[in-house]
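Reader: I am new to this structure, and I would like to go through it slowly, one question at a time. Please explain each term when it comes up.

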Amino acid sequence: MKKVLITGSLGQIGSELTTKMREIYGSENIIATDIRKTTSDVVTSGPFEILDVTDQTALFTIAKKHKVDTIIHLAALLSATAEQKPLLAWNLNMGGLVNALEVARELQCQFFTPSSIGAFGPTTPKDWTPQDTIQRPTTMYGVNKVAGELLCDYYHHKFGVDTRGLRFPGLISYVTPPGGGTTDYAVEIYYEAVKHKRYTSYIDKGTYMDMMYMPDALNAVIQLMEADGSKLKHRNSFNVSAMSFDPEQMATEIRKTIPEFVLNYQVDPVRQAIAESWPNHIDSSCAIEEWGFKTEYNLEKMTREMLGKLKVESQ
Ligand code: AKB
């Protein structure tokens with residue numbers, strides 16, 4: 001049985017991945033960590049430790065104490081916050097990653113960390129962006145992601161660490177809201193549609209970005225971590241996407257359930273510029289070929305489920 005340490009486990013991905021992995025591998029085998037403590041299920045339903053990932057000694061001590069064989073490193077700042085606080089982003093995103101990789105090397109752990117569509121930039125091909133292509137991002141977050149991908153490659157080739165990764169698109173969920181990302185509008189729009197039947201988007205119409213519903217993202221992490229390592233040609237994070245849309249397409253889909261829904265725009269130049277520097281739609285075919293990546297949700301199915309769940313919660 002796996003023994004897994006998850007960093008950033010109170011974040012958007014972490015909170016749901018911790019719960020899912022506890023269901024699969026047993027609560028006692030998933031060690032959740034975060035820099036803060038809350039009353040959430042993540043803290044109460046299994047082992048939980050306070051951890052600042054920039055503290056390498058603490059990271060090592062907790063990993064050793066629980067005899068972990070797998071590290072899922074999620075603690076990081078997202079793109080919009082990283083643009084506001086670039087030095088903090090560098091220190092946390094790169095410092096945390098290299099610390100987690102060092103612990104994985106010392107304790108011979110399997111290792112996962114997410115990259116992002118943010119690892120691409122304005123000179124990357126925008127449509128059907130290939131797995132291996134130009135990566136010259138213009139954001140601090142993107143710089144961190146590219147450096148992180150290279151670092152994972154390095155630890156794999158140099159030290160034999162079993163590093164694996166996914167270039168996540170915007171992730172959409174009704175459980176834990178994201179914070180500080182460029183794609184967050186695609187989550188907020190559902191909350192506002194249910195509550196107020198209107199939304200003002202900070203991303204402009206006609207701006208396409210890749211997205212994925214959280215259950216598909218969680219399955220992708222589990223599937224990649226369970227995949228036969230000898231079949232993986234890429235260690236620098238796989239392109240994975242389930243859909244690509246702009247705010248207008250979301251509104252059209254929401255109106256099938258809430259006909260009076262109104263979408264307005266007040267474009268935020270910072271997040272709009274980040275979105276425009278990213279691809280419209282990435283090509284996931286390497287992930288499909290090398291480990292069988294698949295998704296179950298498109299925009300229609302995801303919208304029905306998001307609005308249904310949020311409506312029940314609001315009653
Ligand atoms: C963000 O918007 O920063 C993230 C991402 C696409 O990596 N959701």
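**Cysteines**

Reader: Does Cys152 count as buried or exposed?

Author: The relative accessibility of Cys152 is 4%. Buried means under 20% relative accessible area, exposed over 50%, and partly exposed in between, with a 1.4 Å probe and protein chains only. Cys152, at 4%, therefore counts as buried.

Reader: What kind of model is this, and how are its residues numbered?

Author: This is a predicted model, in which local features need pLDDT of at least 70 and side-chain atom pairs count only at pLDDT 80 or more, while totals for chains, interfaces and linings use all residues. Side-chain values use heavy atoms, with hydrogens and water left out, and residues are numbered from 1 along each chain as its sequence is written.

Reader: How many disulfides does the structure hold, and which cysteine sulfur is nearest to that of Cys286?

Author: A disulfide is a covalent bond between the sulfur atoms of two cysteines, and here the term is used for a pair of cysteine sulfur atoms within 2.5 Å. The structure holds zero disulfides, and for Cys152, which is in none, the nearest cysteine sulfur is that of Cys109, 14 Å away. Cys286 is likewise in no disulfide, and its relative accessibility of 17% is why Cys286 counts as buried. The nearest cysteine sulfur to that of Cys286, 17 Å away, belongs to Cys152.

**Helix 5 and Asn93**

Reader: How far does helix 5 reach from its first C-alpha to its last?

Author: Helices (H or I, at least four residues) and strands (E, at least two) are DSSP runs, numbered from the N terminus. Helix 5 covers residues 86-107, which makes 22 residues, and the expected span of a helix is 1.5 Å times one less than its number of residues. For helix 5 that expectation is 32 Å, and the computed reach is close to it, at 31 Å.

Reader: Which elements do the buried residues of helix 5 pack against?

Author: The buried residues of helix 5 include Ala89, Leu92, Asn93, Gly96, Leu101 and Ala104. Their packing is judged by contact, meaning heavy atoms within 4.5 Å. The partners are helix 3 (56-65), strand 4 (70-73), helix 4 (79-84), strand 5 (110-112), helix 6 (140-159) and strand 8 (163-164).

Reader: Which residue offers its backbone nitrogen to the side chain of Asn93 at 2.8 Å?

Author: Asn93 lies in helix 5 and is buried, with a relative accessible area of 8%. Not counting residues up to four places away in sequence, Asn93 touches Ala76, Leu77, Leu88, Tyr141 and Asn144. A polar contact is a pair of N or O atoms within 3.5 Å, where within protein one must be able to donate a hydrogen and the other to accept it, and residues adjacent in sequence count only if both atoms are side-chain atoms. The backbone nitrogen that lies 2.8 Å from a polar atom of the Asn93 side chain is that of Leu77.

**Gln12**

Reader: Which backbone oxygen does the side chain of Gln12 reach?

Author: Gln12 is placed in helix 1 (residues 12-25), and its relative accessibility of 13% is why Gln12 counts as buried. Leaving aside neighbours within four places in sequence, Gln12 is in contact with residues including Ile172, Thr176, Pro178 and Met214. At 2.8 Å, its side chain reaches the backbone oxygen of Leu171.

**Sheets**

Reader: Which strands stand at the edges of the open sheet with the order 6-9-13?

Author: Two strands pair if DSSP finds at least two bridges between them, and in this open sheet of three strands the pairing is parallel. Each edge strand has a single partner strand, so one side of each is left without a neighbour in the sheet. The edge strands are strand 6 (115-116) and strand 13 (238-239).

Reader: What angle does the direction of helix 8 make with that of strand 9?

Author: Helix 8 (residues 214-226) packs on this sheet, touching strand 9 and strand 13. Axes are lines fitted to C-alpha atoms, for helices over the stretch in contact, and angles run from 0 to 180 degrees between N-to-C directions. The angle between helix 8 and strand 9 is about 170°.

Reader: Which residue in strand 2 is the bridge partner of Leu5?

Author: Strand 1 (residues 4-7) and strand 2 pair in the parallel sense over three bridges. Both faces of strand 2 are covered, with Ile30, Ala32 and Asp34 buried on one side and Ile31 and Thr33 on the other. The bridge partner of Leu5 is Ile31.
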